Amino acid sequence: MSSETRAERLMDFYRRMLQLRRFEERSIELYQQGLMGGSLHVGIGQEAVAVGVCAALRPDDYMTNTYRGRPQFLAKGADPGRTMAELLGRRDGYCRGKGGPMHVTAVELGCLGANAIVGAGVPIAVGAALSAKMQGSDRVAVTFFGEGATNQGAWHEAMNLAAVWQAPVVLVLENNQYAEMTPIRRTVRIERLADRATAYGIPAVIVDGMDVEAVHAAAVVAVARARSGGGPTLIEAQTYRFKGHMIGDSEVYRTREEVTEWMARDPLRLSRQKLIELGVAEDALDRAEREVERWIEEAVAFALASPEPTVESAFEDVWVSPSS
Amino acid sequence: MREITYADALNEALREEMERDPRIVLLGEDIGEYGGVFKVTRGLLDTFGPDRVRDTPISETGFIGAAIGMAMTGMRPVVEVMWVDFTLVAIDQILNQAAKLRYMSGGQARVPLVIRTQQGGGRGNGAQHSQSLEVLFAHIPGLKVVLPATPRDAKGLLKFALRQDDPTVFLEHKMLYFTRGEVPDEEYVIPFGQAEVVVPGSDITIVSWSRSLLRAVEAAQALRDDGIAAEVIDLRTLVPLDMETIYRSVRKTNRLVVVHEAHRSFGPGAEIAARVQEELFTELDAPVTRIATPDIPIPYSRAVEAAILPSTQTIIEAVRSTLARV
């Protein structure tokens, strides 16, 4: 790849990561203003995983993910205004205000649902992949989950089924080092979580989850394998959660030094440095930031302008046919 | 009319619907070559092949979850869970996922998934293989809950299940698989939410479903010899729940007995009794009576098990005492 093409592609990744970062930051502000219910779990620091993987997908590929799921949802092509409207519980949200931040879903984009249950989306993605295979399509499914999910039964059962069925699925383990508030090293006795894939006969690769190009390169290989009938792949992306498990987390379980150390490897900073090394002008980077600023403010304005759902709408969408 | 078994009626439903609709795929433990532990899927592997009749690992969470993903992406999976008790290891996928995905997505998702399983006591299978769990599924909004009592209904309801788009828990009864009954030769389906008056009568209403329904019918026949005309209603589905048929009957008889194999406390009988007193308080001549399995795990001893499950005799006694009250 020429350095020019590489710079263009990295610039595109950088712009997308900026969008995800700003989306999460603005979500925190709106949450802290009391405009959202429940808990908010943001993926700041993990943008390279979402962007690197989703850039390897086609629009018709399937995805399941988790409550920390807006970055992947946006990277898969979701509209930021409708996404933010969903976070605010508004009528124009993707889920008409019934899902909220933990359940962003856009079936027409292949986004089959962000899940509030750790590990639960993994078998669902394996099933979607099996559908694609049985229908003779070359669609693939991707599923994002945290390292905590690899301690859950649903994950192990889904891994085995993916292998047995040779399902066209890419299993993306976002190892952000903390399962909710507990460091992963305290809940497993192995060094490399990716080794768990070997037990199921699934090829696995570990990548630097802060390096969007490395993530993308691994995803391209995994997606190509799935699309061509080669079955599942596990990608363990080593990354870090810059914020707590949820907004308001006291974060007593880690030191400020550890966070600072990881923040030195902020995926946005790393990409920016690389772009400059590749000869991209600072001007162009600053311009991208201004564009993203407009992008997010339009999304927020759209969301804030959207009305609250009617109370009657709470009784809709339970059934396809209620009485028979 | 020809008579076939409940298991064969279910088998016919699957076979006919799989021939009609190539999107239907079966998944479950030992359903392929073995034909299922109660032989409901016998012969289907030979006809439809291993892609559409899939033996799975013992991974209820995994294959129910996968079936949900399949249902959302254009397939119509039918999962066989060998015993209802095993649904409990996969309850997240059933109650948190299948039941809620349509709602949480604001109506975007469709999950046309059928979970076939069997429940109930009577075989000496002990506490982890004999439960009746319909209330667990009926309590969570988003799942249809079906409990056929006869071969005809088993076939018609299963065929209907495969033509509608809501996730459905289809609860067969292990003691009914080898019962025989009339099943039409011609094509038919039985829609959900339509209770059936199986024995007409005017003195008292007995509402039941699944295997208990057969005991209720026997009780009504015995009572008739004593000049008591009990009307027996088979609910057939708990969700949707056809209360209108119950109300119509109770307006006529003014007395109601509900019979089920689920435990008594917080059971379906409590819900039905509550609704009847809300709707027909002034028309009741006696309190609503519940016949149910007592609030104990199902014991292994077959002698004791038979004594604690609803029986023809306990229903007869309940009817007599309900009629005696003023």
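**Helix packing, domains and a sheet**

Me: Quick one to start: how do H3(B) and H4(B) run, roughly parallel or roughly antiparallel to each other?
Reply: H3(B) and H4(B) are roughly parallel to each other. Bear in mind that this is a predicted model.

Me: What angle do H3(B) and H4(B) pack at, and how far apart are their axes?
Reply: The angle is about 25 degrees, with 8 Å between the axes of H3(B) and H4(B). Angles under 35 degrees count as roughly parallel, and that's why the pair gets that label.

Me: Which residues make the contact?
Reply: H3(B) brings Thr61(B), Ile64(B), Gly65(B) and Ile68(B), while H4(B) brings Asp92(B), Gln93(B), Ile94(B), Gln97(B) and Ala98(B). By class, the contact of H3(B) with H4(B) splits into four nonpolar residues, four polar and one charged.

Me: OK, over to the two chains. How many residues does the contact take from chain B and from chain A?
Reply: 39 residues come from chain B and 39 residues from chain A.

Me: And which helices of chain B each supply at least two residues of the side that touches chain A?
Reply: Helix H3 (60-72), helix H4 (91-98) and helix H5 (101-104) of chain B each do that. H3(B) gives the largest share of that side, 10 residues. So H3(B) turns up twice here: in the packing with H4(B) and on the side of chain B that touches chain A.

Me: What's that side of chain B made of, by class?
Reply: The side of chain B that touches chain A has 17 polar, 16 nonpolar and six charged residues.

Me: Switching to domains. How is chain B divided?
Reply: Into domain 1, residues 3-182, and domain 2, residues 196-324. The C-alpha centres of these two domains of chain B lie 26 Å apart.

Me: How many residues of each are in contact?
Reply: 25 residues of domain 1 of chain B are in contact with 22 residues of domain 2 of chain B. On the domain 1 side, helix H6 (134-139), strand S6 (144-146), helix H7 (151-161) and strand S7 (168-173) of chain B each supply at least two residues. That side of domain 1 has 13 nonpolar, nine polar and three charged residues.

Me: There's a sheet in chain B too. What's the strand order?
Reply: S9-S11-S10-S13-S14 of chain B, an open sheet of five strands with mixed pairing. Strand S9 (196-199) and strand S14 (289-293) of chain B are the edge strands, each pairing on one side only.

Me: How do S10 and S13 of chain B run, parallel or antiparallel?
Reply: Strand S10 (residues 204-208) and strand S13 (residues 256-263) of chain B run parallel, joined by three bridges. Ile206(B) stands opposite Val257(B) in S13(B).

Me: Which helix packs on the sheet?
Reply: Helix H8 (residues 210-225) of chain B, touching S9, S10, strand S11 (230-234) and S13 of chain B. The direction of H8 makes about 145 degrees with that of S13(B).

Me: Last one, chain A. At what angle do H1 and H10 of chain A cross?
Reply: Helix H1 (residues 3-32) and helix H10 (residues 267-277) of chain A cross at roughly 155 degrees, and their axes come within 10 Å. That makes H1(A) roughly antiparallel to H10(A). The crossing of H1(A) past H10(A) is left-handed.

Me: What's in that contact, by class?
Reply: The contact of H1(A) with H10(A) has 10 nonpolar, one polar and three charged residues. Among them are Leu10(A), Phe13(A), Tyr14(A) and Arg21(A) of H1(A), and Leu268(A), Arg272(A) and Leu275(A) of H10(A).

Key:
Residues are numbered from 1 along each chain as its sequence is written. Chains are lettered from A and ligands numbered from 1 in the order in which they are written. This is a predicted model: local features need pLDDT of at least 70, side-chain atom pairs count only at pLDDT 80 or more; totals for chains, interfaces and linings use all residues. Domain bounds come from an automatic or database domain assignment. Two residues are in contact if their C-beta atoms, placed from the backbone, lie within 7 Å. Helices (H or I, at least four residues) and strands (E, at least two) are DSSP runs, numbered from the N terminus. Ala, Val, Leu, Ile, Met, Phe, Trp, Tyr, Cys and Pro count as nonpolar, Asp, Glu, Lys and Arg as charged, and the others, Gly among them, as polar. Axes are lines fitted to C-alpha atoms, for helices over the stretch in contact, and angles run from 0 to 180 degrees between N-to-C directions. Angles under 35 degrees count as roughly parallel, over 145 as roughly antiparallel, 65 to 115 as roughly perpendicular and the rest as oblique. A crossing is left-handed if the near helix is turned anticlockwise from the far one by less than a right angle, and right-handed if clockwise. Two strands pair if DSSP finds at least two bridges between them.
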